[in-house]
Amino acid sequence: MRTRILLGFLYLVLAATSAPAAAQATPVSIKQVSDAGGTVTAVVTVLDPSGRPVTGLPPGAFELRLDGTPLALDEVRFAADPNTGLAVTVAIDVSGSMAGPRLESAKRAAAAFLDSLAPDDQVALIAFNQQVAYFADFTADRAAVKTLIDRLGAAGNTALFRASIAAVEKAATASLPRKAVILITDGENFEPGGTVTREQAVAVAAAGGVPVYAIGLGRDVDQPYLDELARVTRGASRFAPGPADLDRLFREISESLRGQYVLRARPVPVPRAASHTLRVTVALDGGSAFDEVTFAGAGLPLLPEPTPAPPPPAPVAVVTPEPVATPAPVVTAAPAAAKEAPRPGVAVLLAPLALLGGAGAAATLWWRRQRGRKTPKPTPATRPTRPPAPLPAPLGAALPMASPAVIQVLGGPLAGLEVPITAEPLTLGTAEDCRVVLPADGNQVERRHARIWQRDGRYMLHRLARAATVTVNGQPVQWVVLEPDDEVVIGPHRLRFHMRNGGTPREGVSTNGTT
């Protein structure tokens, strides 16, 4: 009996020490800071001891300090108030490991999350495997986005690092005051030949100023990366052992977003500095809690810089002249009287000097003539200056939205997907190293079925399949120069070649696939 009581007591102790992290949540958390438009705006979450949002706090409960100086609050809004809309970028992993119940549960949970948004909120949709594709720009049309979510299919590898950057950069473009990213994945970054490192992805996300709510599904997820991503962006990371837990995690994130406060205050002039600190203190029952964040503050007004004092005058060196010694008079003794010897004539003395002067003049004249005949040394050629190496493109600059030409999937399991046609050839097929991995359907789709590439301003398609066909506008082709809105069919997959900027490829090229 005593053994059972002891075991029961140990169980209670273990249960208490392994309580959910939400019960130990930070009471006050600054999620976003902005200094745009001459106003300091802070998005703040206030939680009770159980981790649930605290609602109904009056404006007097908040205090803002910028570099230690109190700020006058102009406005305090709760998330449910008008004009406090939320822009959410939902990024869903559609790699091959998500196939089956995982993807279906993720799609169902994401659709339910959309139903919890307010009418003024907006959502953008990104799907990623080895490609990162924008399925929907920010919109309040929930039904349209849910339709796109329902069409998602799983295939290919996982470009997790590039997807993190794309989601944060997309969220940062939203015009609404509150922004967030919800990213769900079941694995780790697996992108053979990828150029984005883990450190780069974390650094870009940290600089984006948008909180990332990362959801990891299953045991193979890269939990350290998701934890770090959430920490540097002041978001949160959640982990689901199985697909059935996704609904609960999405609900928790929704409640957290609905329980935010938006604080606006007039900034005070600050001294020029590399960074500034904003502290938010909230008065709660039984005391107060605070959080602070460091930000660049590029839009803050600056204090006038003090005029530097003129430098002190340089000391004048005084030189004392040294006394000049007066030479003693020289007394010359008178020569003894003697008979002077006869002096030689002046002509005799000057004759040798004249001969020497003439020889020197002749030698000088000869040297000058010889020197004038020498060919001047050629001026060494100027070494060509190597042009400076171009600066590397910023991370995220090569995302699909930047390419003018895209392939749009109109029908089949990948309907709704858009893939850019970049400088690298775009291969379509069932092989995992293809840029567009098409789900296999019998013998209709081969491992490397077709390839599209750009040359001299034209976009060309070449059929690589040995047995299966490729049709363009209903005609079987071996190769073809694509024109805007050409329809390409590969097995059950209908695709369209589209120019985003309204331009056209170079004219005057045959498109009938013959030479």
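# Notebook: rings, core and strands

**Entry 1, a charge over a ring.** I started with arginine 279, which lies over the face of phenylalanine 290, at 3.8 Å from the ring centre. A reminder to myself before going on: this is a predicted model.

**Entry 2, the overall picture.** I looked up the inventory next, and the protein has eight helices and 24 strands. How much of the protein counts as buried? I found 39% of its 515 residues in that class. I also checked how far the contacts reach along the chain. Among contacts with a separation of 6 or more, 65% come from residues 24 or more positions apart.

**Entry 3, aromatic pairs.** I went back to the rings and found five aromatic pairs. Why does the pair of phenylalanine 62 and tyrosine 261 count as tilted? Their ring planes stand at 55°, with the centres 5.1 Å apart, so the pair is tilted; the cut-offs put stacked under 30 degrees and edge-to-face over 60. I then asked where the two partners sit. Phenylalanine 62 belongs to strand β3 (residues 62-66) and tyrosine 261 to strand β11 (residues 260-266), so this pair links distant parts of the chain, 199 residues apart.

Are these two rings buried or exposed? Phenylalanine 62 is buried, with a relative accessible area of 6%. Tyrosine 261 is buried as well, at 1%.

I moved on to phenylalanine 113 and phenylalanine 250, which also form a tilted aromatic pair, 6.0 Å from centre to centre and with 55° between the planes. Here the link runs between helices: phenylalanine 113 is in α2 (residues 101-115) and phenylalanine 250 is in α7 (residues 246-258), with their positions 137 residues apart in the chain. Both phenylalanine 113 and phenylalanine 250 turned out to be buried.

One more note on the rings: Phe62, Phe78 and Tyr261 form one aromatic cluster.

**Entry 4, the nonpolar core.** I looked up the largest nonpolar core and found 62 residues in it. Which residues have the most contacts inside this core? They are Ile92, Leu125, Leu428 and Ile490. Helix α2 gives the largest share, six residues. I also noted that the core draws at least three residues from each of domain 2 (86-236) and domain 3 (405-499).

Isoleucine 92 deserved a closer look. Leaving aside neighbours within four places in sequence, I found isoleucine 92 in contact with Leu103, Ala110, Leu125, Ile126, Ala127, Phe128, Leu152 and Ile184.

**Entry 5, alanine 91.** I stepped back one residue to alanine 91, in strand β5 (residues 86-93). Alanine 91 is buried, and its relative accessible area is 0%. What does alanine 91 touch beyond residues up to four places away in sequence? I listed Ile126, Phe128, Ala167, Ile182, Leu183 and Ile184. I also looked up the separation of the C-alpha atoms of alanine 91 and valine 168, which is 9.8 Å, although the two residues are 77 residues apart along the chain.

**Entry 6, serine 105.** I returned to helix α2, where serine 105 lies. Serine 105 is buried, with a relative accessible area of 7%. Not counting neighbours within four places in sequence, serine 105 is in contact with Pro243 and Leu246.

**Entry 7, the β6-β7 hairpin.** How are strands β6 and β7 connected? They form a hairpin with three residues between them. Strand β6 (residues 122-128) runs antiparallel to β7, and five bridges join the two. I picked out one bridge: alanine 127 has alanine 133 in β7 as its partner. I also checked how covered β7 (residues 132-139) is, and six of its eight residues are buried.

**Entry 8, an open sheet.** I finished with an open sheet of five strands, in the order β17-β16-β18-β19-β22, with mixed pairing. Which strands stand at the edges of this sheet? They are β17 (436-437) and β22 (479-481); each has a single partner strand, so one side of each is left without a neighbour in the sheet.

The partner of β22 came next. Strand β19 (residues 458-463) runs antiparallel to β22, and three bridges join them. Within this pairing I noted that histidine 462 stands opposite tryptophan 479 in β22.

Methods
Residues numbered from 1 in each chain as written. Predicted model: local features only at pLDDT ≥ 70, side-chain atom pairs only at ≥ 80, totals over all residues. Heavy atoms only, no water. Phe/Tyr/Trp six-rings, centres within 6.5 Å; stacked < 30°, edge-to-face > 60°. Helix = DSSP H or I, 4+ residues; strand = E, 2+ residues; numbered from the N terminus. Buried < 20%, exposed > 50% of the residue type's maximum accessible area, 1.4 Å probe, protein only. Lys NZ or Arg CZ within 6 Å of the ring centre and 35° of its normal. Core = buried A, V, L, I, M, F, W, Y, C linked by side-chain atoms within 4.5 Å. Domains from an automatic or database assignment. Contact = heavy atoms within 4.5 Å. Pairing = 2+ DSSP bridges.
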